[in-house]
Amino acid sequence: MANNVNLDALISREDFEAISANEDAPVPSSITISNLKEDDFFYLALRKPDFQRESSEWDAKRVTQLIKTFLEGDLIPSVILWKHREHLFVIDGSHRLSALIAWVQNDYGDGERSRKFFGHSIPAEQLDHADRTRKLIAKEVGSYADHVAAAKNPDAYGPDIAASSR
């Protein structure tokens with residue numbers, strides 16, 4: 001795994017053929033960063049198909065760069081979703097989406113969702129990568145919680161966070 005951040009727990013896996021009762025789940029026409037909160041309907045509908053590779057190919061720098069790109073409003077390649085019953089399957093872009101989810105949920109492979117996914121037994125190396133990522137993000141772009149707070153009270157934060165939180 002080298003120095004990579006393991007974000008595989010952030011989008012649940014599902015088989016395309018999973019049987020479910022709900023056939024008519026709505027599909028949003030667009031999403032916002034707040035749709036990636038752990039209790040948002042959009043986030044809860046996200047699934048990664050079983051055939052997708054693990055979301056553990058990026059290092060702290062790459063995760064941070066994607067978040068910075070998002071905050072600066074620069075181009076992020078499309079994420080391709082496919083609606084099947086009540087699920088939205090991530091066909092392309094699971095690393096990009098997982099990096100943004102990690103930022104919103106403050107889970108870089110060591111948060112509550114990751115702990116449940118890995119059976120509360122996370123290797124020390126993974127904990128170290130998560131800590132390194134969190135520190136780099138705090139230094140380079142600020143946490144999601146800081147951006148939310150800065151949107152409400154910009155004077156309490158530096159100009160970079162306050163400006164990108166609008």
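**Reading the labels on this model**

Reader: Why is Asn-106 called partly exposed?

Author: In this predicted model, Asn-106 has a relative accessible area of 41%; buried would require a value under 20% and exposed a value over 50%, so Asn-106, with its 41%, is placed in between, as partly exposed. Asn-106 is found in the loop between H3 and helix H4 (112-117), and Asn-106 has a positive phi of about 55° although it is not a glycine.

Reader: What makes Arg-85 count as buried?

Author: The relative accessible area of Arg-85 is 18%, and because the cut-off for buried is under 20%, Arg-85 is classed as buried. Its place in the chain is the loop between strand S3 (80-84) and S4, where Arg-85, which is not a glycine, has a positive phi of about 55°.

Reader: How do you know that Ser-94 is buried, and which residues does it touch?

Author: With a relative accessible area of 5%, set against the limit of under 20%, Ser-94 is to be called buried. Ser-94 is found in helix H3, and, when residues up to four places away in sequence are not counted, Ser-94 touches Ile-11, Lys-48, Gln-52 and Ser-55.

Reader: Why is Val-148 called partly exposed?

Author: Val-148 has a relative accessibility of 29%, and because buried stands for values under 20% and exposed for values over 50%, partly exposed is the class that applies to Val-148. Val-148 is found in helix H6 (residues 144-152), and its C-alpha atom is separated by 25 Å from that of His-129, the two residues being 19 residues apart along the chain.

Reader: What makes the protein chain as compact as a globular protein of its length?

Author: As for the elements, the protein chain has 7 helices and 4 strands, which run β-α-β-α-β-β-α-α-α-α-α from the N terminus on. The radius of gyration of the protein chain is 16 Å, and the globule rule gives 15 Å for 166 residues; the two values are close, so the chain is as compact as a globular protein of that length. The C-alpha atoms, taken along the principal axes, fill a box of roughly 50 × 40 × 25 Å.

Reader: Which residues have the most contacts inside the largest nonpolar core, and which elements supply it?

Author: The largest nonpolar core has 29 residues, and Leu-36, Leu-46, Val-63, Ile-67, Ile-101, Trp-103 and Tyr-108 are those with the most contacts inside it. At least two residues of this core are supplied by each of helix H1 (41-45), helix H2 (60-71), strand S4 (87-92), helix H3 (94-105) and helix H5 (124-140); H3 gives the most, with 7 residues. As for Tyr-108, if its neighbours within four places in sequence are left aside, its contacts include Val-5, Leu-7, Val-63, Trp-103, Ala-130 and Ile-137.

Reader: What share of the chain's contacts joins residues 24 or more positions apart, and how many residues count as buried, as a percentage?

Author: Among contacts in the protein chain with a separation of 6 or more, 75% are accounted for by residues 24 or more positions apart, and 43% of the 166 residues count as buried. The accessible surface comes to about 9,300 Å², of which 51% belongs to carbon and sulfur atoms.

Reader: How many side chains are positive and how many negative, and how far apart are the centres of the two sets?

Author: The protein chain has 20 positive and 27 negative side chains, with the centres of the two sets 3 Å apart.

Definitions and conventions:
Residues are numbered from 1 along each chain as its sequence is written. This is a predicted model: local features need pLDDT of at least 70, side-chain atom pairs count only at pLDDT 80 or more; totals for chains, interfaces and linings use all residues. Side-chain values use heavy atoms; hydrogens and water are left out. The radius of gyration is taken over C-alpha atoms; the globule rule is 2.2 Å times the number of residues to the power 0.38. Buried means under 20% relative accessible area, exposed over 50%, partly exposed in between (1.4 Å probe, protein chains only). Contact means heavy atoms within 4.5 Å. Accessible areas come from the Shrake-Rupley method with a 1.4 Å probe; for residues, only the protein chains shown count as cover. Lys and Arg count as positive and Asp and Glu as negative; His and the chain ends are not counted. The place of a charge is taken as NZ of Lys, CZ of Arg, CG of Asp or CD of Glu. A nonpolar core is a set of buried Ala, Val, Leu, Ile, Met, Phe, Trp, Tyr and Cys residues joined through side-chain atoms within 4.5 Å.
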